[in-house]
Amino acid sequence: MDFRIVLAGQPNVGKSSLINAISGAKLRVGNFSGVTVEKAEAIFEYKNHKITMIDLPGTYSLNGYTMEEKVTKDFLEKESYDLILNVVDSTNLERNLMLTLQLKELKKDMLIALNMIDEADKDGIKIDTNSLSESLGCSVCAVSSSKAINLESLLDSIISAMQKKPSEEKHDSKVIFKPTFSSPSKDSITQSPLKTSKALIAKNIANKAQKLPPFIAKGTSKIDSILLHRFWSIPIFLLAMFAVFEVSFVLGKYLQDLLQAGVDSIGDYVGEMIENELLSSLIGDGIIKGVGTVISFLPLIAMLFLGLTLLESSGYMARVAFMLDGIFFRFGLHGKSFVPLVMGFGCSVPAYIATRALQNQREKLLTLFIIGFMSCSARLPIYLLFVGAFFSAKYAGLVLFCIYLGGFLIALILAKILRIFVFRGQSEPFVMEMPRYRIPSLKVVWFSVWSKSYLFLKKAGTVILAGAIFVWALANFPKSDEINNEYESKIESLATLNLTDEEREERAKMYENEMLENQLQYSFAGRAGSLIEPIFSPLGFDWRLSVSLITGFSAKELVVSTLGVLYALGESADEDEDKNQSLQEILQDKISLPTAIAFIMFIMLYIPCFAATISFGHESGKKIYMLYLFLFTSAVAYLFAFIGYRISLLLVGA
């Protein structure tokens, strides 16, 4: 027989992990038709039965307020399936039963998967599954997706439920509730369950089926009394974030130097082995210096991922959202906006998707417009490049922390302005579940850091590689025969001058570098850069920096590879310059500190990458908003970069 099972449950009850644990395969993820809400399903065989499991969006109710609630409700009411598998968090039974009672009203075949039973046992929570089954009128199976407990029993229960002929009695809500309550309003509950508070019903069922230890919340409350302290919570949060950036830079920088040394060695070896000048330039300057420079920052990025993952998986980040709700409210934001904003430090694409948790459309749009000011991980290599070049290692962690904090504060200020002039209206109340404090699982932490690092490497091997080659081609073509002939004549004329061999060699090197510089300016990249340079010259940007901003729209990591290619091909003609100097050393020679500060600020604030912009348009609901985002972020980036440049000029006296 073929069975079609739908999983329904509240957020964070482990539905997806349960399907993966049962099926032994990763979910296939897509979108429900016509909406941005994700649809995931897995197909597998068990005891000669083909089972299709569909993971519905996590939802607290079927009231239809949010897109997730509407999608889940419509699917359960209109689509064809055989069984509802209601996944319930064993550690939060009463709250989860609110949705269970709504699911029972659908009068469909249903089975309860009491997930996280191992955590409930650890906390001393004892649940009588027979009592719970009797109260709800359906089978209950205690399982643990993380520990693979009772998964076969759950599948056997599903098959058993499917092989039994449905009866009217099983779906009669009056029968379900009739024998289970001892409250004074028992008769009214029996006669009209829809008119009775489901909170009272859920509480009665939970009280009858479970026994809670008196000390269950003491540990959490004690920690919260410190981390959510009225005065110390914000300083503790800032200190925690500073520690993440400082440790990431100190430890990661050492590993980065080793990796960069390896990249340089490979580049030197390739340059010596390949005789063809054009091919040597492509591989050495285009690929190795373009992609290798980006890859060298992987250790620092991985360390930052590690720190943020530890904070998130411990349960601390959810409390930060609660802690910042009061501050966010003053700036016109919802407390739930914190989650997508924090996700923006990783990648803007999932951050935009996370705004679906915001029920109010105005608050969702407001959050969407400021997520791009959170410095995503793709910007990190650019920051590391410039911070390492213009600031001592002693202060690098502090500078990096200030960059991230600065973007966050600017986002709050702009949110207030947008709220006053654009997104006016009433705010929704803040309701959010506080997860338990957990010691982060090494497996989960490793998977999170590895998966993000792998995506970074994958992008380096695909998008960044293609971009680096494209930029190299733009910087190498077309070639000017006139420029070539001019400098060849100059070099040949050196033989007629009264110079020592050393002087003649130095003069020839100078002419060669001047020729490279002029050829670079003659190329497509040089022409495009010269065209847009007047726009960015008030910020102190030369044409190379200007071009890198354009390529950075495809992927922010391309900014580093673009600079690596353009500055490698157009090295200075100074007589004492080391040909093999690093990109950071070249930047120190080529641009000033005020220009570097302005460039960092522009990178920090201008529009996210192309993929993120498409995601923004999808979530905002109107394509015209993408144009608004481009104009808004470009104006903000230019303004703050200009201010940063002028103030820096005054401070350094340049």
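Helices here are DSSP runs of H or I of at least four residues, and they are numbered from the N terminus. With that convention in mind, the tour can begin at helix α31, which spans residues 624–652 and holds V652, bearing in mind throughout that this is a predicted model.

**The whole chain**

Before selecting any residue, display the entire protein chain, which has 31 helices and nine strands. Of its 654 residues, 51% count as buried, and the chain exposes about 31500 Å², of which carbon and sulfur atoms supply 60%. If you draw contacts between residues at least 6 apart in sequence, 75% of them join residues at least 24 apart.

**First stop: V652 and its patch**

Now select V652 in helix α31 and turn on the surface. V652 has a relative accessible area of 43%, and it is therefore classed as partly exposed, the category between under 20% and over 50%. Extend the selection to L639, F642, I643, I647 and L651, which together with V652 make a nonpolar surface patch of about 560 Å².

**Second stop: D542 in a loop**

Move next to the loop between α25 (524–536) and α26 (543–551), where D542 lies. Is D542 buried or exposed? Its relative accessible area is 17%, and because buried means under 20%, D542 counts as buried despite its place in a loop. Show the side chain of D542 together with the backbone of the residues that follow: the side chain reaches the backbone nitrogen of R544 at 3.1 Å, while a polar atom of that side chain lies 2.9 Å from the backbone nitrogen of L545. To see what else D542 touches, set aside residues up to four places away in sequence and select E533 and Y567, both of which are in contact with D542.

**Third stop: N86 in a strand**

Finally, select strand β5 (residues 83–89) and pick out N86 within it. N86 has a relative accessibility of 1%, so it counts as buried. Which side chain makes a polar contact with the side chain of N86? Display T100, whose side chain is the partner, at 2.6 Å. With neighbours within four places in sequence left aside, the contacts of N86 can then be shown as a group: A8 and G9, T100 and L103, and the run M110, L111, I112 and A113.

With these selections kept on screen, the three stops can be viewed together: V652, partly exposed, D542, buried in its loop, and N86, buried in strand β5.

Note on methods:
Residues numbered from 1 in each chain as written. Predicted model: local features only at pLDDT ≥ 70, side-chain atom pairs only at ≥ 80, totals over all residues. Heavy atoms only, no water. Patch = residues over 30% accessible without salt bridge, like charges linked within 9 Å, V, L, I, M, F, W, Y side chains within 5 Å. Areas by Shrake-Rupley, 256 points an atom, 1.4 Å probe, with all protein chains shown as cover. Salt bridge = Lys/Arg side-chain N within 4 Å of Asp/Glu carboxyl O. Helix = DSSP H or I, 4+ residues; strand = E, 2+ residues; numbered from the N terminus. Buried < 20%, exposed > 50% of the residue type's maximum accessible area, 1.4 Å probe, protein only. Polar contact = N/O pair within 3.5 Å; in protein donor to acceptor, adjacent residues only side chain to side chain. Contact = heavy atoms within 4.5 Å.
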